[in-house]
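The exercises below are to be worked through with the sequence and the structure at hand. Each task is followed by a solution in steps.

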Amino acid sequence: MKGQALLFICLLSLGSVMGQASYTIPEEMAKGSLVGNIAQDLGLETKRLASGKARLYTRDSDEYIELNRDRGVLLVKERIDREVLCRQTTPCALHFQIILENPMEFYSVTVRITDINDNAPTFEEREIKFKISESAITGAKFVLERAVDLDVGINSVHSYELRPTDNFALKLHNNADGNKNVEMLLQKPLDRENQEQISLVLTAVDGGEPQMSGTMLIVITVLDANDNAPVFTQPTYKATVTENSPKGTVVATVTASDADQGSNGEITYSITNTLDNVRKVFKINRETGEVTLIGNIDFEDSQHFQINVRASDDGGLTDSCKLIVDLQDVNDNKPEINIMSKSSVISEDAKLNTVVTMINIEDKDSGENGKVQCFINENVPFILKSSTNNFYRLVTDSELDRETGSEYNITVTCSDEGVPSLSSSVTLSLQISDVNDNAPVFERSSYEAYIVENNTPGLSIFTVKARDADWNQNARVSYIMEDSSVNGAPVSSYVSVSADSGAIHAVRSFDYEQIKDFLFRVKAQDGGSPPLSSNVTVKILIQDQNDNPPQVLYPVQTGGSLVAEMVPRSADVGYLVTKVVAVDVDSGQNAWLSYKLQKATDRALFEVGLQNGEIRTIRQVTDKDAVKQRMTVIVEDNGQPSRSATVIVNVAVADSFPEVLSEFTDFTHDKEYNDNLTFYLVLAAVVSFLFITCLVVIISVKIYRWRQSRIMYHSNLPVIPYYPPRYSDTLGTGTLQHVYNYEVCRTTDSRKSDCKFGRAGSQNVLIMDPSSTGTMQRIQSEKSILDEPDSPLEQKPPNNDWRFTQGPRPGPSGATGGPEVAMGTGPWPQPPTEAEQLQALMAAANEVSEATATLGPGTMGLSTRYSPQFTLQHVPDYRQNVYIPGSTATLTSNPQQQQATAQQAAQQALPPPQASAQPEPPKAAQTPASKKKSTKKEKK
């Protein structure tokens, strides 16, 4: 085929074989040539070839065809030589399968190789020689060597031609196998005298296109008379030999006879086969005609042989015959098991009839020797099914369970029906992948654990254990405590569970007297998806510990009163005095109590019951027995170690209550000291130490402040600063027009007097605005000018005494200064003494409230940063006297005092005769407050 391919598709309905495709291509096609569109011919999509990982499966190792998945076509992979591939076998074809996965499918493909005329006929020998007697009769036959053409059909040898044809002619005989025997006939008698040697050319021509030919030279030597040729006893001989027969085995013997005598009657045998390997397998004895085996014969390679035998005498006459050797098959080939496709892992939830492996079986023997039966080992959940001839599928036969069998070694055994039978086997290892189909299972249906009370938090109580039959992540168990409550509290506040190990730990210290046991549930959950879980009930039982001493219920021990039991003097032996009643909140042996008499005034008089605590007399009471009897009873429990409690029982031995009363009036109570006494002593010592330390610190601070005050007191700083002389009324309005800052230096003892001062003068400022009508503004500081807590905050209304008359001008004692004083350039008068300054300040401070009331109708404003409408009602009333520096005027809210002050100021305004020479310092008026203070000082 050149450019075209013969295609036919045959759909089969057997097993997994979905179809069959056949193609016909010529040999010697170039590599990569198109064979056919297999996807289209099989009705498959191209993407199915890719997803199914389509591949070719061939039994032979040589692959001449390849599959292109992307295009879905078959291509020539290697150059195909039909003569090498099939020799003389016709038709010549390649058989292979196309395997697909997911799901597993396969298709059979046959590619027939057609012959092309690429080989010329050839003769094995370039030259052949004959010796022919001149007496040879006309029509004598001479067998010639056939030409060999590796091509088949029309491309093989088609005809022969012999030249020249003067004495000989060519005759062809068709054999049953299609080959032609070439014979040369003598058509004209030979004359040795005329021509002793004749040369002929035999030409073999094939029927191909273009036509090709081969030649052989025939050299004939004319001999003297030999007119009888050898003759075989039969034209065809047949023999049978078993395959694998040893070398030297005699196959058959051929026999020919010659009527001539002498050298002309001596016959020589030879094998004339040239095309096949007959000469490599068989050998003939040249003298006897015995054919023996010299090579290995295999029925699977060739089932029969045809041996061409020639007999010739010395005169050159020959005859020929055929020896047909048939091979007898022997069961010498085991079945071959070929794994076409397999899965090494399968999920345990795989469905029934899931294909695991596809197997191809081949036995080269024939007949019964080639019939094969396959089976697998028993007790496996798989079965082997036959799909088509010699193809098997291993499929699941029942449900898989990885927990029952996680791995299977499946042995596939195939045996033929020969005698003796041959078999072969292959083992398939198959892993079962896990599916989370098993929930964790606890080792017990329920758990009980014991723990002693007063345990340490975090103590490991015990461990719950669950096992999961799955594998890997599906078998990884984690433990979770389910939410529940115990006595109203979550169970997680009692115990905790380790998620990895299942260990249960105590979260708190347990008390048997509060809780004796409790239940909770623990869930075991695996790591599968979705996860599976199971639950178990856990019961924790608290074991009692002797951690509680006995408690005495009677007699009651009181601290302030005395309780005593009376025993008459007439009491007999065994008289029940009283009974000590005690309980122990523990349980079991820890609560078994025993009573013992520890101390007693008279141990021979009383006894205590060991089990019941009853105090009875053990002898008759006499008059000599003391009225006051005291016993100490100890109560012990039966724990290990035991705990105890003591109780004091007072008994009065008397017949009447007054007698007991008279005896017990002077009964002194003994004080019992316990272990808390040490604690109280230490606590008292610590408190005393802290008190002494605080006292020392306070005294040290007082001394430090006193030393600081002494330093300030002895300093040379004046109490009242010198004021600048710029205080004259230049505008004639009668109001203060300049700003004065009053800075006061105080001692640490200032709080002890009635004189109170503000902070630095820069924080409390009286501002006189020349352009205003007498409005006074005040800048309030963060703290009040006065420190006293009893300073009233209520404001008094302003009065009309703020403006001054023309008489009391600023100056010493109200005197009018000269021009220098008026202009502010004159010298300041002699400053007052320190005592006078202090007295004036104290008087001024005590009259602040009265001075506030004497202010004129003009308003007082704060600094210019506040609104001018801020009138005097916003200024606090300090109810203290105010002293105006540079003036003897005293502002007061009392009208009488105001009038007296005005008169005094007017008198002081008239200077004495020597006023200019030695002016007196201003004196402040004595107010009632100052009088009170002076009186107090005098009293002190």
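**Exercise 1: An open sheet**

In β52, asparagine 650 is the bridge partner of alanine 564. The model examined here is a predicted one.

Task. Determine in which sense β45 and β52 pair, and over how many bridges. Then state the order of the strands in the open sheet and explain why one side of β45 and of β48 is left without a neighbour.

Solution.
1. Strands of a sheet pair through backbone hydrogen bonds, in either the parallel or the antiparallel sense.
2. For β45 and strand β52 (residues 644–653), the sense is parallel, and the pairing extends over four bridges.
3. The open sheet has four strands in the order β45-β52-β51-β48, and its pairing is mixed.
4. β45 (564–567) and β48 (593–600) stand at the edges with a single partner strand each, so each has one side without a neighbour in the sheet.
5. On average, neighbouring strands of this sheet are turned by 35 degrees against each other, direction ignored.

**Exercise 2: An enclosed strand**

Task. Decide how many of the eight residues of strand β27 are buried, and identify the sense in which β27 pairs with β25 and with β30.

Solution.
1. A residue counts as buried under 20% relative accessible area.
2. In strand β27 (residues 355–362), seven of the eight residues are buried, and the strand is therefore largely enclosed by the rest of the structure.
3. Strand β25 (residues 336–342) pairs with β27 in the antiparallel sense, over six bridges. In this pairing, isoleucine 337 has isoleucine 361 of β27 as its bridge partner.
4. Strand β30 (residues 391–396) also pairs with β27 in the antiparallel sense, over five bridges. Here threonine 357 stands opposite leucine 394 in β30.

**Exercise 3: Salt bridges**

Task. State how many salt bridges the structure holds. For the pair of arginine 82 and glutamate 83, decide whether each residue is buried or exposed, and find which parts the pair of glutamate 443 and arginine 467 ties together.

Solution.
1. Side chains of opposite charge can pair when their charged atoms come close.
2. The structure holds 17 salt bridges. One of them joins glutamate 45 and lysine 47, at 3.8 Å from N to O. Lysine 47 has 61% relative accessibility and so counts as exposed.
3. Arginine 82 and glutamate 83 meet in a salt bridge of 3.6 Å, N to O. Arginine 82 is buried, with a relative accessible area of 1%, and glutamate 83 is buried as well, with 8%.
4. Glutamate 443 and arginine 467 meet in a salt bridge of 3.4 Å, N to O. Glutamate 443 lies in the loop between β33 (441–442) and β34 (446–452), whereas arginine 467 lies in strand β36 (residues 466–467), so the pair ties together parts that are 24 residues apart in sequence.
5. Glutamate 443 is partly exposed, with a relative accessible area of 49%, while arginine 467 counts as exposed at 55% relative accessibility.
6. Arg82, Glu83 and Asp115 are joined into one network by salt bridges that share partners.

**Exercise 4: Aromatic rings**

Task. Describe the geometry of the pair formed by phenylalanine 130 and phenylalanine 142 and of the pair formed by tyrosine 494 and phenylalanine 518. Then identify the residue whose charged end sits over the ring of tyrosine 494.

Solution.
1. A pair of aromatic rings is described by the distance of the centres and the angle of the planes.
2. The whole structure contains 14 aromatic pairs. Among them, phenylalanine 130 and phenylalanine 142 form an edge-to-face pair, 6.1 Å centre to centre with 70 degrees between the planes.
3. This pair links phenylalanine 130 in strand β9 (residues 127–133) with phenylalanine 142 in strand β10 (residues 141–144), 12 residues apart. Phenylalanine 130 counts as buried at 5% relative accessibility, and phenylalanine 142 counts as buried at 0%.
4. Tyrosine 494 and phenylalanine 518 form a tilted pair, 5.4 Å centre to centre with 45 degrees between the planes. Tyrosine 494 lies in the loop between β39 (489–490) and β40 (495–497) and phenylalanine 518 in strand β42 (residues 517–526), so parts 24 residues apart in sequence are tied together. Both residues, tyrosine 494 and phenylalanine 518, are buried.
5. The charged end of arginine 508 sits over the ring of tyrosine 494, 4.0 Å from its centre.
6. One aromatic cluster is formed by Phe442, Tyr447, Phe462 and Tyr479.

Note on methods. Residues numbered from 1 in each chain as written. Predicted model: local features only at pLDDT ≥ 70, side-chain atom pairs only at ≥ 80, totals over all residues. Heavy atoms only, no water. Pairing = 2+ DSSP bridges. Helix = DSSP H or I, 4+ residues; strand = E, 2+ residues; numbered from the N terminus. Axes fitted to C-alpha atoms, helices over the stretch in contact; angles between N-to-C directions. Buried < 20%, exposed > 50% of the residue type's maximum accessible area, 1.4 Å probe, protein only. Salt bridge = Lys/Arg side-chain N within 4 Å of Asp/Glu carboxyl O. Phe/Tyr/Trp six-rings, centres within 6.5 Å; stacked < 30°, edge-to-face > 60°. Lys NZ or Arg CZ within 6 Å of the ring centre and 35° of its normal.
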